[in-house]
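Biologist: Could you take one part of this model and go through it closely, then show me how the rest fits around it? Keep it chatty, but give me the cut-offs.

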Amino acid sequence: MSVLIVGGSGFLGGELVRQATAAGHLTAATYATRPGSVPDAIWHSLDLRDPQHVESVVADMAPRVIINATSGAADWAVTAEGPVRLALAAARHGCRLVHVSSDAVFSGASVHYDESQLPDPVTPYGAAKAAAETGVRLVYPDAVVARTSLIIGDRRSAHVRAVHDLTSGKWDGALFTDDVRCPVHVSDLAAALLELGFSDASGVRHLAGAEPVSRYDLGVLVARRDGLDVSRLRAGRRSESGIPGGLDVRLDCRATQRELVTSLRGAREFLIEGTNKPSNP
């Protein structure tokens, strides 16, 4: 087995499975509730809360590379503990491991974050992701911990779906003008993760888009790409909402980008061009 995508039925996981199979890798993928739709992959159910289940799947598949793209929100057993169980199994069986983390591990107090800066989470989700990073790096120092930001693509992306729901009146909310991130296109992110997986990289890597934008400006770009009524997007300020979390969190990806063939485009580039293709040869 060339590659095992853990969380393969999710938004990012599905793109990883698609790209891995398209590249000719013998690919297995896991799911929590139902398998994904890529027919060329071998699908297995997996409960990251169950150490024996994790061990048996890794042992049976014996993949060269494992990419963990699961998202368990603030569920500590899945988001914090599950990746450590996976890292232990990967280390025992000599598999490469890429663990996908998040910019939620940072508070925003420093605004700009490179790979050397330590997590300082301020939300339960951020704390779970930070705990997973620490555990994975402790039990498997050769693993890659890849932090990313808002993942954009079609309506499978929660952020794109929110824009559609706002303009259609399905959701009565607001997009924040003071909530800044570095969005990345799902195809660019998947290509970069696979590139890291089949390299000899280890340690923390940042994989976010090349430019910071507010959630409101991101919504405007999505609306224009998808032909939606921009005037239906309501602006707000997160600092006035009481919603916890960092306001301005910008992942500095320059060091990682120098190691990659895959280009991590900025939101204006991939949304204005409207392409879903990763920008690598």
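Modeller: Let's start at the outside: Pro124 is exposed, with a relative accessible area of 58% (buried is under 20%, exposed over 50%, partly exposed in between, using a 1.4 Å probe and protein chains only). This is a predicted model, with residues numbered from 1 along each chain as its sequence is written, and side-chain values use heavy atoms, leaving out hydrogens and water. Local features need pLDDT of at least 70 and side-chain atom pairs count only at pLDDT 80 or more, while totals for chains, interfaces and linings use all residues.

Pro124 sits in helix H4, residues 124–139 (helices are DSSP runs of H or I with at least four residues, strands are runs of E with at least two, and both are numbered from the N terminus). From Pro124 to Ala143 is 19 residues in sequence and 24 Å in space, C-alpha to C-alpha. Gly135 is in H4 too, but at 13% relative accessibility Gly135 counts as buried. Its C-alpha is 7.9 Å from that of Pro83, though 52 residues separate the two along the chain.

Now the part I'd pick for the close look: helix H2. H2 covers residues 51–61, and its buried residues are Val54, Val57, Val58 and Met61. Looking down the helix axis, these buried residues fall within an arc of 95°, so they line one face of H2 (the arc is taken from the directions between the helix axis and the C-beta atoms). Turn to the face away from that buried side and you meet the exposed residues Gln52 and Asp60.

What sits over the buried face? The cover includes strands E1 (3–6), E2 (27–31), E3 (42–45) and E4 (65–68), along with helix H3 (76–92); contact here means heavy atoms within 4.5 Å. The ends of H2 have details of their own. At the start, a side-chain oxygen of Asp50 comes within 3.0 Å of the backbone nitrogen of Gln52 (a polar contact is an N or O pair within 3.5 Å; within protein, one must be able to donate a hydrogen and the other to accept it, and residues adjacent in sequence count only if both atoms are side-chain atoms). After H2 comes Ala62, with a positive phi near 45°.

Stepping onto one of the covering strands, Thr30 lies in E2 and is buried at 2% relative accessibility. Its side chain reaches the backbone nitrogen of Gly7 at 3.0 Å. Setting aside neighbours within four places in sequence, Thr30 contacts a list of residues including Leu4, Trp43 and His44, and also Val57, one of the buried residues of H2.

Beyond E4, Ala73 lies in the loop between E4 and H3. Ala73 is not a glycine, yet has a positive phi of about 50°, and is partly exposed with a relative accessible area of 43%. Val111 is another such case, with a positive phi of about 65°; Val111 lies in the loop between E5 and strand E6 (112–113) and is partly exposed at 23%.

Then the packing. The largest nonpolar core has 32 residues, and Leu12, Leu16, Ile67, Leu193 and Leu207 touch the most other members (a core is a set of buried Ala, Val, Leu, Ile, Met, Phe, Trp, Tyr and Cys residues joined through side-chain atoms within 4.5 Å). Elements giving two or more residues to this core include E1, E2, E4 and helix H6 (186–197). H6 gives the most, with 7 residues. Apart from this core lies another one, of 21 residues, among them Val57, Ala87, Cys95 and Val145. That brings Val57 of H2 back into the story.

Last, a stop further along: Ala158 lies in helix H5, residues 158–168, and is partly exposed at 45% relative accessibility. Ala158 and Pro35 are 123 residues apart in sequence and 20 Å apart in space, C-alpha to C-alpha.
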